[in-house]
Amino acid sequence: MSFSRAPRRTLPAVVALAAAGALTLTACTGDAQGGGSGNTNFVAGKDGISTAAKGDRKEAPKLDGETLDGEQLDTTDYKGKVLVVNVWGSWCSPCRAEAKYLAKVSKETKDQGVEFVGINTRDVNKGPAIEFEKDYEVPYPSLYDPVGKLLLRFPKGSLNPQSIPTTIVIDREGKIAARAMQAINDKQLHKMIDPLIAEK
């Protein structure tokens, strides 16, 4: 008796499918769905910004790999600083709308111990993403994550990325403090960052 086996999927294909599924919920829209019910321990504001109180924050994952420039980057090197992580794609029009604000605020807050890192996702090659960074004069590095593997590292039930664009702010202790799942402006960025700069 012989049995025919279904073809096995390779690990990269499974990861790519899982990542695509995780981000198809509200990909590249301006609609942010907040969470504040259940045991999530964070509050969603009317402005689309969700925050977690200092004692309720979850540990941010290690995000590491190759940047669009071909350098190696590891976000654990930024511990002790406030870290802003922006998930974006060159194909995403809300990402284009917010790019100038991210660039502006990254320059304004650099001397206050704030670092910015992008996660470029769903760009099948680096060319359009590199052009995007040049066009918008993005002064900080972006990890290249075409299939969204890095996004799956965020713990469930936390302020994890669920759409593109998403901006996440990590406190000095390496914990996730705020998230916006929509294009944001400089005022909204400061609302997310400034309280963390003030924390001791």
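Trainee: What pattern does the chain follow, read along the sequence?

Mentor: Welcome! In this predicted model, the order is α-β-β-β-β-β-α-β-α-β-β-β-α. That pattern is made of four helices and nine strands.

Trainee: How many of the 200 residues count as buried, as a percentage?

Mentor: The buried share is 46%. As for the accessible surface of the chain, about 10400 Å² is found, with 53% of that belonging to carbon and sulfur atoms.

Trainee: What share of the contacts joins residues at least 24 apart?

Mentor: Counting contacts between residues at least 6 apart in sequence, 71% join residues at least 24 apart.

Trainee: Let's go to strand E8. What makes E8 largely enclosed by the rest of the structure?

Mentor: Take residues 166-170: five of the five are buried, so the strand is largely enclosed. Buried means under 20% relative accessible area, and each residue of E8 passes that test.

Trainee: Which residues of E8 point one way, and which the other?

Mentor: Thr166, Ile168 and Ile170 point one way, while Thr167 and Val169 point the other way. This fits a wider rule: in a regular strand the side chains alternate between the two faces of the sheet.

Trainee: How do you know that E8 pairs with strand E5?

Mentor: Pairing calls for at least two bridges, and five bridges join E5 (residues 82-88) to E8. Those two strands run antiparallel, and Val85 stands opposite Ile168 in E8.

Trainee: And what makes E8 and strand E9 a pair?

Mentor: Four bridges link E8 to E9 (residues 176-180) in the antiparallel sense, against a requirement of at least two, so they count as paired. Ile170 stands opposite Ile176 in E9. E8 and E9 form a hairpin with five residues between them, and Gly174 in the turn has a positive phi of about 85 degrees.

Trainee: Which residues cover the two faces of strand E7?

Mentor: In E7 (residues 142-145), Ser142 and Tyr144 sit on one side, Leu143 and Asp145 on the other, and all are buried. E7 is joined by four bridges to strand E6 (residues 114-121), and the two run parallel. Asn120 stands opposite Tyr144 in E7. Between E6 and E7 the chain crosses through helix H3 (residues 126-135), and this β-α-β crossover is right-handed.

Trainee: Why is Arg57 called buried?

Mentor: Its relative accessible area is 11%, and buried means under 20%, so Arg57 is buried. Arg57 lies in the loop between strand E2 (49-51) and strand E3 (64-66).

Trainee: What makes the approach of Arg57 to Asp171 a polar contact?

Mentor: The two side chains come to 2.8 Å, and the cut-off for a polar contact is within 3.5 Å. Leaving aside neighbours within four places in sequence, Arg57 is in contact with residues including Asp171, Lys175, Ile176 and Leu196.

Trainee: Why is Asn160 called buried, while Gly157 is called partly exposed?

Mentor: Asn160 has a relative accessible area of 13%, which is under 20%, so Asn160 is buried. Gly157 has 33%, and partly exposed covers the range between 20% and 50%. Asn160 lies in the loop between E7 and E8, and Gly157 lies in that loop too.

Trainee: How far apart are Gly157 and Lys58?

Mentor: They are 99 residues apart in sequence and 9.0 Å apart in space, C-alpha to C-alpha.

Trainee: What kind of peptide bond runs from Ile164 to Pro165?

Mentor: That bond is cis, with omega near 5 degrees. Pro165 is in the loop between E7 and E8.

Trainee: Why is Glu137 called exposed?

Mentor: Its relative accessibility is 56%, and exposed means over 50%, so Glu137 counts as exposed. Glu137 lies in the loop between H3 and E7, and has a positive phi of about 50 degrees although it is not a glycine.

Trainee: Finally, what makes Cys92 and Cys95 count as buried?

Mentor: Cys92 has a relative accessible area of 0% and Cys95 has 2%. Buried means under 20%, so both are buried. As for disulfides in the chain, the count comes to zero.

Definitions and conventions:
Residues are numbered from 1 along each chain as its sequence is written. This is a predicted model: local features need pLDDT of at least 70, side-chain atom pairs count only at pLDDT 80 or more; totals for chains, interfaces and linings use all residues. Side-chain values use heavy atoms; hydrogens and water are left out. Buried means under 20% relative accessible area, exposed over 50%, partly exposed in between (1.4 Å probe, protein chains only). Contact means heavy atoms within 4.5 Å. Accessible areas come from the Shrake-Rupley method with a 1.4 Å probe; for residues, only the protein chains shown count as cover. A disulfide is a pair of cysteine sulfur atoms within 2.5 Å. A crossover is right-handed if, with the strands pointing away from the viewer, the path from the first strand over the helix to the second runs clockwise. A polar contact is a pair of N or O atoms within 3.5 Å; within protein, one must be able to donate a hydrogen and the other to accept it, and residues adjacent in sequence count only if both atoms are side-chain atoms.
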